[in-house]
Amino acid sequence: MRIVSTYHPNRGEAWDMIAFKELGSEYYAQELMDANPQYHGISFFEGTEVLNIPYVDEQERAYQAPWRM
């Protein structure tokens, strides 16, 4: 996994919110969590953390399950 930047979440932000803001879609929340295993188990951030932002290949995510279309 390639890390392209870091992000300092605001107090109260959640994974999906950060994925949408930094990666363009809340559906990248899992990739964001995979890049930050030290924060697994956290639902809402305190605002003191530093998250790794992974590179996401749009073509790898081109397929969506039928129920997401």
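Are Tyr-39 and Phe-45 buried or exposed? In this predicted model, both Tyr-39 and Phe-45 are buried. The two residues belong to a cluster of aromatic rings, which is described below after an outline of the fold.

The secondary structure of the protein consists of 2 helices and 2 strands. Read from the N terminus, these elements follow the order β-α-α-β. The protein has 69 residues, of which 33% count as buried. Its exposed surface amounts to about 4,800 Å², and 52% of this area is supplied by carbon and sulfur atoms. Among the contacts with a separation of 6 or more, 61% are made by residues 24 or more positions apart.

The largest nonpolar core contains 13 residues. Within this core, the residues with the most contacts are Trp-15, Ile-18, Leu-23, Leu-32, Phe-45 and Leu-51. Two or more residues are given to the core by each of helix 1, helix 2 and strand 2. The greatest contribution comes from helix 1, with 4 residues. The surroundings of Leu-23 can be listed in detail. When residues up to four places away in sequence are not counted, Leu-23 touches Ile-18, Tyr-28, Leu-32, Ile-53, Pro-54 and Val-56.

The aromatic residues were examined next. A pair of aromatic rings is described by the distance of the centres and the angle of the planes. The count for the protein comes to 2 aromatic pairs. In one of them, Trp-15 and Phe-45 are arranged edge-to-face, with 4.9 Å from centre to centre and 75 degrees between the planes. This pair links distant parts of the chain, since Trp-15 lies in helix 1 (residues 15-23) and Phe-45 in the loop between helix 2 (29-34) and strand 2 (51-54), 30 residues apart. Trp-15 and Phe-45 are both buried. Tyr-39 and Phe-45 also form an edge-to-face pair, for which the centres are 6.1 Å apart and the angle between the planes is 80 degrees. Through these ring pairs, Trp-15, Tyr-39 and Phe-45 are linked into a cluster.

Phe-45 is also among the residues touched by Glu-13. Glu-13 is placed in the loop between strand 1 (3-7) and helix 1. Because its relative accessible area is 6%, Glu-13 counts as buried. Its side chain makes a polar contact with the side chain of Lys-21, at 3.1 Å. With residues up to four places away in sequence left out, the residues that Glu-13 touches are Tyr-7, Ile-18, Lys-21, Ser-43, Phe-44 and Phe-45.

Two further buried residues, Ala-19 and Ser-25, touch one another. Ala-19 is found in helix 1. This residue counts as buried because its relative accessibility is 0%. Apart from neighbours within four places in sequence, Ala-19 is in contact with Gly-24, Ser-25, Glu-26, Tyr-28, Ala-29 and Leu-32. The C-alpha atoms of Ala-19 and Leu-32 are separated by 6.6 Å, although the two residues are 13 residues apart along the chain. Ser-25, for its part, is located in the loop between helix 1 and helix 2. Its relative accessible area is 15%, and Ser-25 is therefore classed as buried. A polar atom of the Ser-25 side chain lies 3.1 Å from the backbone nitrogen of Tyr-27. Outside the residues up to four places away in sequence, Ser-25 touches Ala-19 and Phe-20.

A contact between distant parts of the sequence is also found at Tyr-55, which is located in the segment after strand 2. Why is Tyr-55 classed as partly exposed? The relative accessible area of Tyr-55 is 44%, and the partly exposed class covers values between the limits of 20% and 50%. The charged end of Arg-2 sits over the ring of Tyr-55, at 4.2 Å from the ring centre. Tyr-55 and Arg-2 are 53 residues apart along the chain, yet their C-alpha atoms are separated by 5.6 Å. Beyond the neighbours within four places in sequence, Tyr-55 is in contact with Arg-2 and Val-4.

Notes
Residues are numbered from 1 along each chain as its sequence is written. This is a predicted model: local features need pLDDT of at least 70, side-chain atom pairs count only at pLDDT 80 or more; totals for chains, interfaces and linings use all residues. Side-chain values use heavy atoms; hydrogens and water are left out. Rings of Phe, Tyr and Trp (its six-membered ring) pair if their centres lie within 6.5 Å; planes under 30 degrees apart count as stacked, over 60 as edge-to-face and the rest as tilted. Buried means under 20% relative accessible area, exposed over 50%, partly exposed in between (1.4 Å probe, protein chains only). A charge sits over a ring if NZ of Lys or CZ of Arg is within 6 Å of the ring centre and within 35 degrees of the ring normal. A polar contact is a pair of N or O atoms within 3.5 Å; within protein, one must be able to donate a hydrogen and the other to accept it, and residues adjacent in sequence count only if both atoms are side-chain atoms. Contact means heavy atoms within 4.5 Å. Accessible areas come from the Shrake-Rupley method with a 1.4 Å probe; for residues, only the protein chains shown count as cover. A nonpolar core is a set of buried Ala, Val, Leu, Ile, Met, Phe, Trp, Tyr and Cys residues joined through side-chain atoms within 4.5 Å.
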